[in-house]
Amino acid sequence: MNKIKHIRRKFLKLLGMTFISSIVLPYNLLLAITKKIINPNLSDEQKKIMLEESTERAYTSPLNNENRKGFFHCANCGAKLFSSEAKFDSGTGWPSFSEALPGAFKTKIDYSYGMKRIEYHCANCGVHHGHVFDDGPKSTQKRFCNNGLCLFFKPAD
Ligand SMILES: [Zn+2]
């Protein structure tokens, strides 16, 4: 009698665990992909970078030569990400910044192409923007290497 009770309890416990994991697992998967397309006018190339972590060709962004005072925003959701004060010419061919505005990004370790790089995503909409390296200017040592296609510039009034 006791043995049956024991087996029954074990079975119920297992059932409970399966039930919980069937809820928790898809929830975790959802958390891993929380990128939301907000701007319906994004080009295929922009979507490829933002959603699949692709990279635009170097020296193709007009923002490389943007030197006015103002702010750089997320091309998907419009969030303010960088001040023109932090922009510098890194010579890499991508818009580069020594620091982001507080809370603008979330980072993730990216192991693709046999390298360990820190990838960053817009904290508001979750789309990929670029990678951050430790070889930036003296003030911060950081170099945010951003795809120009993920940004738009709004000059200060
Ligand atoms: Zn965004």
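G130 sits in a predicted model, and there G130 stands opposite N146 of strand β8. The two strands around this spot are β7 (128-133) and β8 (residues 143-146). β7 and β8 pair in the antiparallel sense, with four bridges between them.

## The six-stranded sheet

Let's zoom out from that pair. β7 and β8 belong to an open sheet of six strands, ordered β3-β4-β8-β7-β6-β5, with antiparallel pairing. Which strands are at the edges? They are β3 (87-88) and β5 (105-110), and each of them pairs on one side only.

Over at the β5 edge, β5 and β6 are joined by six bridges, again in the antiparallel sense. One facing pair here is F105 and C122, the latter in β6. The hairpin of β5 and β6 has six residues between the strands.

Now back to β7 for a closer look at V132, which is found in that strand. Is V132 buried or exposed? It is buried, because 20 other C-beta atoms lie within 10 Å, and 20 is the number needed to count as buried. Setting aside residues up to four places away in sequence, V132 touches T107, I118, Y120, K142, R143 and F144. Take Y120 from that list: V132 and Y120 are 12 residues apart in sequence, and their C-alpha atoms are 7.1 Å apart in space.

As a bit of background for reading any sheet, side chains in a regular strand alternate between the two faces of the sheet.

## The three-stranded sheet

There is another open sheet to find, built from three strands in the order β2-β1-β9, and its pairing is antiparallel too. Its edge strands, each pairing on one side only, are β2 and β9 (151-155). On average, neighbouring strands in this sheet are turned by 30 degrees against each other, if you ignore direction.

Between β1 and β2, which run antiparallel, you can count three bridges. Look for H73, whose bridge partner is K80 in β2.

## Helix α2 and its two sides

Next up is helix α2 (residues 44-52), whose buried residues are Q46, I49 and M50. Why do these line one face? Seen down the axis of α2, the buried residues fall within an arc of 90 degrees, so they line one face of the helix. A handy rule goes with this: an α-helix has 3.6 residues a turn, so residues three or four places apart point the same way.

Flip to the face turned away from the buried side and you meet the exposed residues D44 and E52. What covers the buried residues of α2? The cover includes β7. Right after α2 comes E53, with a positive phi near 60 degrees.

## Two tyrosines with positive phi

E53 has company when it comes to positive phi. Y59 is not a glycine, yet its phi is positive, about 60 degrees. Y113, also a residue other than glycine, has a positive phi near 60 degrees. Here are the two tyrosines in their loops:

| Residue | Place | C-beta neighbours within 10 Å |
|---|---|---|
| Y59 | loop between α2 and β1 | 10, exposed |
| Y113 | loop between β5 and β6 | 6, exposed |

Both count as exposed because the cut-off is 12 or fewer.

## The nonpolar core

What about the inside? The largest nonpolar core has 22 residues, and L81, F82, A100 and C150 touch the most other members. The elements giving two or more residues to this core are α2, β1 (70-74), β2 (80-83), β6 (117-122) and β8.

Try following F82 through the structure. Leaving aside neighbours within four places in sequence, F82 is in contact with F71, F72, K87, F97, A100 and L101.

## The whole chain

Stepping right back, how many helices and strands does the protein have? There are two helices and nine strands. Reading from the N terminus, the elements run α-α-β-β-β-β-β-β-β-β-β. Buried residues make up 24% of the 157 residues. Among contacts between residues at least 6 apart in sequence, 55% join residues at least 24 apart.

A last word on confidence. The average pLDDT of the protein is 88, and 85% of the residues score at least 70. Over residues 25-31, though, the pLDDT is below 50, and this stretch has zero contacts in the model beyond near neighbours in sequence. Where pLDDT is low, the predicted coordinates should not be read in detail.

Key: Residues are numbered from 1 along each chain as its sequence is written. This is a predicted model: local features need pLDDT of at least 70, side-chain atom pairs count only at pLDDT 80 or more; totals for chains, interfaces and linings use all residues. The arc is that of the directions from the helix axis to the C-beta atoms. Two residues are in contact if their C-beta atoms, placed from the backbone, lie within 7 Å. Two strands pair if DSSP finds at least two bridges between them. A nonpolar core is a set of buried Ala, Val, Leu, Ile, Met, Phe, Trp, Tyr and Cys residues joined through C-beta atoms within 7 Å. pLDDT is the predictor's confidence in each residue, from 0 to 100. Axes are lines fitted to C-alpha atoms, for helices over the stretch in contact, and angles run from 0 to 180 degrees between N-to-C directions.
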